[in-house]
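Colleague: I should like to go through this model with you, one question at a time. Please explain each answer before you give it.

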Amino acid sequence: MKREELYREIGLIDENLIEAAGHSMERSKKSISKKWVVVVACLILYSSTASALLATEYYKNQNAEPYIRYLRAEDMELVPVTRFDAEKFLQALKSNNDEHVYIAINRLVECFNDQKLREKALKALQPFLENDNPKIADSAAFATDILSKSYRSPYIFKLADGSILFTLFNNYSDYGSQNVLWRIKDNVLQEYLSFSPPSMYITDIIPSPNKKLVAVVTGSNKSEFVQIMNVEEGRTSPELVESARVKYGAQKELDTWIRPDHENYSYADKVVWKDNDTLEFEGSLAYQDTEIIENVTVAYQFSKKVIEVKGLSPSR
């Protein structure tokens, strides 16, 4: 490509200047037109400036490249998470959307620590106690029981230290209740513990006979999990279904694959307290993606951190 065609291609030089440069070159190949010198100098200057700008922009973009080690839930909100807004849920009670009303009723339990809001919520909940939708009526009865401090609901569990434990959104799903434990201690409500997936639902809460310990059964639509808690002391057992699966698998020389999603495809049944310290249940333990199912009994002694797993029937 001729130089004048190249200059036209990149669109940096006026057509007249190109023609002038051409005539100058025809007149004398040994001499350079002053105009051409100016043009070349401008090109060099432009090229240098453009290169510097491109380099600056490149390094700027390099420095702006995000480095993320771990994303927390609050990080993904982009702004600080707002505090509980009771008025928003009080307004939602006026909605024609039953789902919004149901969510608002459960969330209004969080008014507990503010006397004025608590009284306001109690008054607003009264019309829903006789609602035609059983789920809304039941949730209003439960919220009223908490906010009025009656504590008569079968979904409330009273512990030896004087605190009470409960979940919200009781049995909202076919699989169970919301996977958050709430606690009222010394007349103060707080979120005690939130379970991570795959423990997406709380299916049962079982206090020990002396009410110092509590067994919590959680699950997904594929698996179940069991943990024991000493709520007063803040101590928790390992997850017992997976612990039993690993131990029994070692006893039987079975491959115990641990899935990335931590689903175990195993289940717990007949969860009972043998005494104030020992929990027992029957387990259905899956191996090799449910190719092998082992039925077992599991006993866990909380104080000694000892688990025993015994087979109920041959593999099938």
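Colleague: Where is the place of Ser 237?

Modeller: This is a predicted model. Strand β9 covers residues 235-236, and helix α8 covers residues 240-251. Ser 237 is therefore placed by these two elements, in the loop between β9 and α8.

Colleague: Does Ser 237 count as buried or exposed?

Modeller: A residue is called buried when its relative accessible area is under 20%. Ser 237 has a relative accessibility of 5%, so it counts as buried.

Colleague: Which residues does Ser 237 touch, not counting residues up to four places away in sequence?

Modeller: A contact requires heavy atoms within 4.5 Å. With residues up to four places away in sequence left out, the residues that Ser 237 touches are Gln 227, Ile 228, Tyr 300 and Phe 302.

Colleague: How many of the residues of α7 are buried?

Modeller: Helix α7 spans residues 134-147 and has 14 residues. Its buried residues include Ile 136, Phe 142 and Leu 147. The helix is largely enclosed by the rest of the structure, because the number of its 14 residues that are buried is 10.

Colleague: What covers the buried residues of α7?

Modeller: Both helices and strands take part in this cover. The strands include β2 (164-166) and β4 (180-185). The helices include α5 (98-107) and α6 (115-125).

Colleague: At the start of α7, which residue has a side-chain oxygen that reaches to the backbone nitrogen of Lys 135?

Modeller: The backbone nitrogen of Lys 135 is approached at the start of α7 to within 3.0 Å. The side-chain oxygen that reaches there belongs to Asn 133.

Colleague: How much space lies in the largest cavity?

Modeller: Rolling a probe the size of a water molecule over the atoms shows where empty space is left. The structure holds one cavity of 30 Å³ or more. Among the residues that line the largest cavity are Arg 245, Trp 257 and Asp 289, and by class the lining has three nonpolar, three polar and four charged residues. The space in the largest cavity is about 60 Å³.

Colleague: Which element gives the most residues to the lining of the largest pocket?

Modeller: The largest pocket has a volume of about 270 Å³. Its lining is made of 18 residues, and those nearest its centre are Pro 198, Ser 199, Phe 225, Glu 239 and His 262. The elements that give two or more residues to this lining are β8 (224-230) and α8. With three residues, the element that gives the most is α8.

Conventions. Residues are numbered from 1 along each chain as its sequence is written. This is a predicted model: local features need pLDDT of at least 70, side-chain atom pairs count only at pLDDT 80 or more; totals for chains, interfaces and linings use all residues. Side-chain values use heavy atoms; hydrogens and water are left out. Helices (H or I, at least four residues) and strands (E, at least two) are DSSP runs, numbered from the N terminus. Buried means under 20% relative accessible area, exposed over 50%, partly exposed in between (1.4 Å probe, protein chains only). On a 1 Å grid over the protein atoms alone, a cavity is a set of points where a 1.4 Å probe fits but cannot get out, and a pocket is an open set with protein on both sides within 12 Å along at least five of seven lines; lining residues have an atom within 4 Å of a point. Grid points are joined across faces, edges and corners, and a volume is the space filled by probe spheres set on the points. Ala, Val, Leu, Ile, Met, Phe, Trp, Tyr, Cys and Pro count as nonpolar, Asp, Glu, Lys and Arg as charged, and the others, Gly among them, as polar. The expected span of a helix is 1.5 Å times one less than its number of residues. A polar contact is a pair of N or O atoms within 3.5 Å; within protein, one must be able to donate a hydrogen and the other to accept it, and residues adjacent in sequence count only if both atoms are side-chain atoms.
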